[in-house]
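The following account leads a new reader through one protein model, from its open and enclosed spaces to a helix and a loop. Please keep the sequence and the structure in view while reading.

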Amino acid sequence: MHESEVRALVESKLATIPDFPEPGVVFRDLTPVFADGPAFHALAEALTAPFEGRFDVLAGVEARGFLLAGAASALCGAGVLPVRKAGKLPRAVIREEYELEYGTAALEVHEGELPPGSRVLIVDDVLATGGTVEAAARLSERAGWRVAGISVAIELEALDGRARLGDRYEIRSLLQY
């Protein structure tokens, strides 16, 4: 399926919720896309297609990134690296803290989960301010892996997350709002 067809299919299933989680915010809900087999399949393929042959593993960022990375992994045969919120992984971890609008958060991966130099494609649902995917990229690099790129379903352009990431990574987004 051509990328413009995938974009139209995903957009047709996307739910738009005004004033959620607070007044003035327009929430783009991907769960109807996940519930539709052909749309979910097309989205998963579209996230990896631009990076074909350039990654070894898909790093799914908690939580919707898990769904996207898992589906894409099943289609392309790459492994999945769960990038978890702090305190969720049972073995020794590498931790990366990052700034939120009202505080800080942290992401973690298991130490030694992948061989050094592994090529990691970071997958998430939304690129907003860029803090979460930037933390996932820094975490991957600190673990000794190479970031092959960042692939997201939706980019919220007004929040300028792409500028925060600069030109350090190739970033692909299927839908822009």
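Which strand gives the most to the lining of the largest pocket? The model to be examined here is a predicted one, and the answer is strand 7, with four residues. The pocket itself holds about 1200 Å³ of space. Its lining comprises 35 residues, of which Val-126, Ala-128, Thr-129, Leu-156 and Leu-159 are the closest to the centre of the pocket. Besides strand 7, the elements that give two or more residues to this lining are strand 2 (26-29), strand 5 (93-100) and helix 5. Sorted by class, the lining of the largest pocket contains 20 nonpolar residues, 11 charged residues and four polar residues.

From the open space one may turn to the enclosed space. Rolling a probe the size of a water molecule over the atoms reveals where empty space remains. Searching the whole structure yields one cavity of 30 Å³ or more, and the volume of the largest cavity is about 80 Å³. Its lining is formed by Glu-3, Ala-46, Leu-47, Pro-50, Ser-151, Val-152, Arg-172, Ser-173 and Leu-174. At least two lining residues come from each of helix 3 (37-48), strand 8 (146-155) and strand 9 (171-176). Strand 9 supplies the largest share, three residues. In this lining, five residues are nonpolar, two are polar and two are charged.

Helix 5, already met in the lining of the largest pocket, deserves a closer look. The helix covers residues 131-142, and because its 12 residues should span 16 Å at 1.5 Å a residue, the 16 Å between its end C-alpha atoms agrees with that expectation. Several of its residues are buried, namely Gly-131, Val-133, Glu-134, Ala-135, Ala-136, Ala-137, Leu-139 and Ser-140. After helix 5 comes Gly-144, which has a positive phi, near 95 degrees.

The last stop is a loop. Where is Ser-118 found? Ser-118 belongs to the loop between strand 6 (103-110) and strand 7 (119-127). Is Ser-118 buried or exposed? Its relative accessibility is 9%, and since buried means under 20%, Ser-118 counts as buried. A polar atom of the Ser-118 side chain lies 2.7 Å from the backbone oxygen of Pro-115. Apart from neighbours within four places in sequence, Ser-118 is in contact with Asp-56, Trp-145 and Arg-146.

How values were computed: Residues are numbered from 1 along each chain as its sequence is written. This is a predicted model: local features need pLDDT of at least 70, side-chain atom pairs count only at pLDDT 80 or more; totals for chains, interfaces and linings use all residues. Side-chain values use heavy atoms; hydrogens and water are left out. The expected span of a helix is 1.5 Å times one less than its number of residues. Buried means under 20% relative accessible area, exposed over 50%, partly exposed in between (1.4 Å probe, protein chains only). A polar contact is a pair of N or O atoms within 3.5 Å; within protein, one must be able to donate a hydrogen and the other to accept it, and residues adjacent in sequence count only if both atoms are side-chain atoms. Contact means heavy atoms within 4.5 Å. On a 1 Å grid over the protein atoms alone, a cavity is a set of points where a 1.4 Å probe fits but cannot get out, and a pocket is an open set with protein on both sides within 12 Å along at least five of seven lines; lining residues have an atom within 4 Å of a point. Grid points are joined across faces, edges and corners, and a volume is the space filled by probe spheres set on the points. Ala, Val, Leu, Ile, Met, Phe, Trp, Tyr, Cys and Pro count as nonpolar, Asp, Glu, Lys and Arg as charged, and the others, Gly among them, as polar.
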